[in-house]
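Thanks, everyone. Let me put the model on the screen, and then we'll walk through it.

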Amino acid sequence: MDIGVTNVSKDQEMGLEYALGLLKEQHQEIIKLRFEEGLTFKEIGERLGKSQRRCGQLCKHALKWLASPLKRVWIIEGYEGRIAGMNKLAEDLSKEYLKEGKTKQATLIVQGPEALSKVTPRMVKLLAGVGIFNNAILRELMKNDLWTRGIPGIGEETGKKLALYMYDAGLIDETYEAYKEAVDHAYFWKKFTKWNVEYMDDETLTK
């Protein structure tokens, strides 16, 4: 399986295993049968009771999700490397908040999303499912357009709530894309429509 990394280290192998574990079960199974057992899509289809074409679609979809930033970063940085990077980011941001006299934010940024007011256990579970364990990573993610893409189970409304919770906690401000999308539905919809047109070919893969 081509993951775009050469001379893979043991830590990167661990990162790959972790990233694979973030995929849906059927996608994990397709990847295993295709790349570990070396089966053709026809053979995979016969084993799983699906058509050859459908197995090819599922594999393509799985590889695309695996290549998404939230998952690929575990492969590039390695498992331990990613964990260390997340912790360092949180610690550095905490120090910045302390310099500004923002003790509440300094504490919250190193904690997980569960420390935010109104965040539900379901939200925490969904975020943890893509490796978001502290609010520093969530903060960085919210700088991006349509930040909830690639996080199964978190749609527009949940993403909007999380952005507003982060804003209320003083961890993001009005310049963050997540905040703009949360308070301006037309702004969100314009970007979502553009993204949806670009990826319309994936529609059949999610049915």
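**Fold and contacts**

Start with the contacts. Among those in the protein with a separation of 6 or more, 61% are between residues 24 or more positions apart. Keep in mind that this is a predicted model.

Now the inventory. How many helices and how many strands are there in the protein? The count is 12 helices and 0 strands. Read from the N terminus, the order of elements is α-α-α-α-α-α-α-α-α-α-α-α. On overall dimensions, the C-alpha atoms fill a box of roughly 60 × 40 × 30 Å along the principal axes. The protein has 207 residues, and 41% of them count as buried.

**Two helix pairs**

Let me take two packed pairs. Two packed helices are described by the angle between their axes and by the distance between those axes.

First pair: α1, residues 10-21, and α5, residues 69-77. Their angle is about 160°, and their axes lie 6 Å apart. Angles over 145 degrees count as roughly antiparallel, so α1 and α5 are roughly antiparallel to each other. The crossing of α1 past α5 is right-handed.

Which residues meet there? From α1 we have Asp-11, Gln-12, Gly-15, Leu-16, Tyr-18 and Ala-19. From α5 we have Lys-71, Trp-74, Ile-75, Ile-76 and Glu-77. Sorted by class, this contact of α1 with α5 holds 6 nonpolar, 2 polar and 3 charged residues.

Stay on α5 for a moment. Its buried residues are Leu-70, Lys-71, Val-73, Trp-74 and Ile-75. Note Lys-71 in that list: it is buried, and it also takes part in the contact with α1. What covers the buried residues of α5? The cover includes α1, α4 (52-66), α6 (79-99) and α9 (135-141). After α5 comes Gly-78, with a positive phi near 85°.

Second pair: α3, residues 41-48, with α4. Here the angle is about 105° and the axes are 8 Å apart. The range of 65 to 115 degrees counts as roughly perpendicular, so α3 is roughly perpendicular to α4. On the α3 side, the contact uses Phe-41, Lys-42, Ile-44 and Gly-45. On the α4 side, it uses Gln-52, Cys-55, Gly-56 and Cys-59. By class, the contact of α3 with α4 has 4 nonpolar, 3 polar and 1 charged residues.

**Cores**

Next, the interior. In soluble globular proteins, nonpolar side chains tend to be buried together. In this model, the largest nonpolar core has 46 residues. Which residues have the most contacts inside it? They are Met-142, Trp-147, Ile-151 and Leu-162.

Take Leu-162. Leaving out neighbours within four places in sequence, Leu-162 is in contact with Val-119, Met-123, Leu-127, Met-142, Trp-147 and Ile-154. Apart from this core lies another, of 7 residues. Its members include Leu-39, Cys-55, Leu-58 and Cys-59. Two of these names are familiar: Cys-55 and Cys-59 also sit on the α4 side of the contact with α3.

**Around α10**

Now to helix α10, residues 156-168. Thr-158 is in α10. Its relative accessibility is 16%, so Thr-158 counts as buried. Not counting residues up to four places away, Thr-158 touches Arg-122 and Met-123.

Tyr-165 is in α10 too. Is Tyr-165 buried or exposed? Buried, at 16% relative accessibility. Tyr-165 and Ser-117 are 48 residues apart in sequence, yet 6.7 Å apart in space, C-alpha to C-alpha. With neighbours within four places set aside, Tyr-165 is in contact with Ser-117, Lys-118, Val-119 and Met-123. Met-123 is also on the contact lists of Thr-158 and Leu-162.

**Two positive phi values**

Last topic. Lys-118 is not a glycine, but its phi is positive, about 80°. Lys-118 sits in the loop between α7 (103-108) and α8 (121-128). Its relative accessible area is 62%, so Lys-118 is exposed.

Leu-146 is not a glycine either, and it has a positive phi of about 45°. Where does Leu-146 lie? In the loop between α9 and α10. Relative accessibility for Leu-146 is 6%, so this residue counts as buried.

To recap that last part: Lys-118 is exposed, whereas Leu-146 is buried. I'll stop there for discussion.

Note on methods
Residues are numbered from 1 along each chain as its sequence is written. This is a predicted model: local features need pLDDT of at least 70, side-chain atom pairs count only at pLDDT 80 or more; totals for chains, interfaces and linings use all residues. Side-chain values use heavy atoms; hydrogens and water are left out. Axes are lines fitted to C-alpha atoms, for helices over the stretch in contact, and angles run from 0 to 180 degrees between N-to-C directions. Helices (H or I, at least four residues) and strands (E, at least two) are DSSP runs, numbered from the N terminus. Angles under 35 degrees count as roughly parallel, over 145 as roughly antiparallel, 65 to 115 as roughly perpendicular and the rest as oblique. A crossing is left-handed if the near helix is turned anticlockwise from the far one by less than a right angle, and right-handed if clockwise. Contact means heavy atoms within 4.5 Å. Ala, Val, Leu, Ile, Met, Phe, Trp, Tyr, Cys and Pro count as nonpolar, Asp, Glu, Lys and Arg as charged, and the others, Gly among them, as polar. Buried means under 20% relative accessible area, exposed over 50%, partly exposed in between (1.4 Å probe, protein chains only). A nonpolar core is a set of buried Ala, Val, Leu, Ile, Met, Phe, Trp, Tyr and Cys residues joined through side-chain atoms within 4.5 Å.
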